[in-house]
Amino acid sequence: MPTTNHRRSTTAKPSTRIGYGFDSHEFRPGVPLKIGGITLQHDKGLGGHSDGDVLLHSITDALLGAVAAPDIGALFPPSDPKWKGADSVIFLREALKRVRSAGYAVANVDASLILAAPKIGPHAASIRTRVAELLGVPGDCVGLKAKTPEGLNLENAAVAHVVVLLEKAKSAGKAARKRR
Ligand SMILES: [Zn+2]
């Protein structure tokens, strides 16, 4: 028979959960540059998995990690031709679905983008607005910092680090109380 402590630890849902995501892609000529769900004017884009949206991939992995779901590479294998050039919004939507079915909602997201060019400053507001819209949160719940890769020798890559905080969804809480 399980101990009381054991039972409590498996049934009580924490009120918040944190998630962390990391991603990097190499710049390639001849592909559009997608960052945070918008297309930026640049002479190169990001190659690799799907449309190479390094920011949406990191957010997706942060969301999946927060609910201990399999990561983006496991759910959408880069080796599967189905995902070649795919819109990364698809991955984000799947991660959000898993967050919701786990009974959570996004509280806020904070991201750091590291790339030498183009300058993100002029596009930061549009990226934040788009990401907020995709996540269904107010614009002031999306933080975005852009940095150049000082001393990292990463002139031809874009890197994104993301943390996300989830909180118990209000509707899920009510449903849980009713069931009791
Ligand atoms: Zn990626």
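Let's start with burial: of the 180 residues in this chain, 43% are buried. Keep in mind that this is a predicted model.

Now the overall layout. The chain has 6 helices and 7 strands. Follow the sequence and the order reads α-β-β-β-β-α-α-α-β-α-β-β-α. Next, contacts. Take those with a separation of 6 or more: 75% of them join residues 24 or more positions apart.

On to the metal site. Which residues coordinate the zinc ion? Asp-23 does, through OD. His-25 does, through NE2. His-57 does, through ND1. The distance is 2.0 Å. Along the chain, the donors have the spacing D-x1-H-x31-H. Look at where the two histidines sit. His-25 is in strand E1, residues 16-29. His-57 is in helix H2, residues 54-66. They are 32 residues apart, and the pair links distant parts of the chain. Are these histidines buried or exposed? Both His-25 and His-57 are buried.

Next, the aromatic rings. The count is 3 aromatic pairs. Begin with Phe-76 and Trp-83. Their ring centres are 4.9 Å apart and their planes meet at 90°. Edge-to-face needs an angle over 60 degrees, so this pair, at 90°, is edge-to-face. Phe-76 and Trp-83 are both buried.

Phe-76 has another partner, Phe-91. Here the centres are 4.4 Å apart and the planes are at 35°. Why is this pair called tilted? Stacked planes are under 30 degrees apart, and edge-to-face planes are over 60. An angle of 35° fits neither, so the pair is tilted.

Where are these two in the chain? Phe-76 lies in the loop between helix H3 (72-75) and helix H4 (89-101). Phe-91 is in helix H4 itself. The pair therefore ties together parts that are 15 residues apart in sequence. Buried means under 20% relative accessible area. Phe-76 has 6%, so it is buried. Phe-91 has 1%, so Phe-91 is buried too. Put the ring pairs together, and Phe-76, Trp-83 and Phe-91 form a cluster.

Now a pocket. The second largest one has a volume of about 190 Å³. Its lining includes Arg-28, Val-31, Pro-32 and Lys-34. Leu-46, Gly-47, Gly-48, Ser-50 and Asp-51 are also among the lining residues, as are Lys-84 and Gly-85. By class, that gives 3 nonpolar, 4 polar and 4 charged residues.

Pick out Ser-50 from that lining. Its phi is near 55°, a positive value in a residue other than glycine. Ser-50 sits in the loop between strand E4 (44-46) and H2. Its relative accessible area is 9%, so Ser-50 is buried.

Asn-153 also has a positive phi, about 55°, although it is not a glycine. Asn-153 is in the loop between strand E6 (142-147) and strand E7 (157-168). Is Asn-153 buried or exposed? Exposed means over 50%. Asn-153 has 70%, so it is exposed.

One last backbone feature. Which peptide bond is cis, with omega near 0°? The bond from Ala-117 to Pro-118 is. Pro-118 is in the loop between strand E5 (104-114) and helix H5 (124-135).

Terms used: Residues numbered from 1 in each chain as written. Predicted model: local features only at pLDDT ≥ 70, side-chain atom pairs only at ≥ 80, totals over all residues. Heavy atoms only, no water. 1 Å grid on protein atoms, 1.4 Å probe; cavity = no way out; pocket = protein on both sides within 12 Å on 5 of 7 lines; lining within 4 Å. Points joined across faces, edges and corners; volume = space filled by probe spheres on them. Nonpolar A, V, L, I, M, F, W, Y, C, P; charged D, E, K, R; others polar. Donors = N, O, S within 2.8 Å, 3.2 Å for Na, K, Ca; no water. Helix = DSSP H or I, 4+ residues; strand = E, 2+ residues; numbered from the N terminus. Buried < 20%, exposed > 50% of the residue type's maximum accessible area, 1.4 Å probe, protein only. Phe/Tyr/Trp six-rings, centres within 6.5 Å; stacked < 30°, edge-to-face > 60°. Contact = heavy atoms within 4.5 Å.
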